[in-house]
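Notebook open, coffee ready. Here is what I looked up today.

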Amino acid sequence: MDKRVYLLTLIAFVVGIVELIIGGILDLVAEDLGVSIGQAGLLITMFALVFGISGPVLLYLSGKADRKRLIIIALAAFLAGSILAVFSTSYAVLLVSRIISAASGALLTVLCLTLAAAISKPEYRGRAIGHVVMGISGAIVLGLPLGVSMGHMFGWRSPFILIAVLSILLLIGVILFFGEVGTSAPVPLKQQVAALKDKKIISAHLTTFLFMAGHFTLYGYLTPFVISTRGFDGALITLVYFVYGAAAFSGGGISGISADKFGTKRTLLNVIVLLIACLLTIPFTTGGIFWLLLVVWGILSWSITPPIQSHLVQIAPKTAEIQRSLKKSALHLGIALGTFTGSFVVDLLSIKLNPFIGACFVALSLGTAFVSLQRERSRGKSDIVNHRGS
């Protein structure tokens, strides 16, 4: 496998840290900048919203621009966003830094995935893409607990200092070692939008959107939630994210195996139902049961990706690559909706209600999943009848 894939994996890892880090230090940011927890949570919302929209748009606008140069520009902008976060003295400045980091980070993520496939031999292509995805997952397992720990030990700006240093090292690495990469024209936006005309496909993307909205209505505010309901301090909060992250890292693999063994439909519906039950139960758990449920929640939270991806390939094989890009946008827009909703629940009602509101979103995703899967099954029956008739 081309060694440059490991450099792309590290870039994806650093971007993953920036996207998720604010959720773990919401209380520190809110206290220092004089805003509410809900307002601090909107920093996640804005990042996810910009991230979900800008990735495919910026890649399309870049056309056939040299990919090495594009990575360098995106990394430089990403570095600027991190430095701006370090020196933010107001909520508005930090918000601007999040927008810069989100736009550049989205482009970097898309470039890492596409370039990993482009620079790899056909027999290593799947493995290369998997490495980049693992970089993002690794940020959940290692990066986020590290950032949370640093934030509570040295202040909320310290993780962004680390990210800035890592960005500089990655920038140097790309300049010195990446080399030239051939480019091809990106898929036109019109063609990407056209791929959404099928109601089965829209329902599948809505399932991802609503599922992630429900998950992040609570997860985006997990730190203030465990402080308020469990009385956890910095060390225990770090442990919460480490336990959750380790479970989340394994979730995709477990659901992928389940989808192969038991089928896409059964796996998808079971994951959704179990997440609803988990969100409804977690406010009432204490002690060891809480930690056990945290593990289950972590496994479920990212388990939707393999069955949804398999389902999309089954119902839209000709636009599979486009659907993969659209699914990522749906995922991040769902994060935006969940954290946006959660901010109002925290400020106007009570953070103890976040898991219940989240469960409502996930319940809606169960409905859209049934629509998408039922339509597919109905078409399958019709095809059998027509085949018998012929």
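Is the crossing of α1 and α5 left-handed or right-handed? I found it to be left-handed (the near helix is turned anticlockwise from the far one by less than a right angle; clockwise would be right-handed).

Before going on, I noted that this is a predicted model, where local features need pLDDT of at least 70 and side-chain atom pairs count only at pLDDT 80 or more, while totals for chains, interfaces and linings use all residues. Residues are numbered from 1 along each chain as its sequence is written, and side-chain values use heavy atoms, without hydrogens and water.

**The helix pair.** I looked up helix α1 (residues 4–24) and helix α5 (residues 91–118), which pack at an angle of about 150° with axes 9 Å apart. Helices here are DSSP runs (H or I, at least four residues), numbered from the N terminus, and axes are lines fitted to C-alpha atoms over the stretch in contact, with angles from 0 to 180 degrees between N-to-C directions. That angle makes α1 roughly antiparallel to α5 (over 145 degrees).

**Lys327.** I found Lys327 in helix α15 (residues 320–348). Is Lys327 buried or exposed? Lys327 is buried, because its relative accessible area is 6% (buried means under 20%, exposed over 50%, partly exposed in between, with a 1.4 Å probe and protein chains only). Leaving aside neighbours within four places in sequence, its contacts (heavy atoms within 4.5 Å) include His205, Thr208 and Ile308. The C-alpha atoms of Lys327 and Ile308 are 8.7 Å apart, with their positions 19 residues apart along the chain.

**Whole chain.** I also noted 16 helices and 0 strands in the protein chain. Buried residues make up 53% of its 390 residues.

How values were computed:
Helices (H or I, at least four residues) and strands (E, at least two) are DSSP runs, numbered from the N terminus. Angles under 35 degrees count as roughly parallel, over 145 as roughly antiparallel, 65 to 115 as roughly perpendicular and the rest as oblique.
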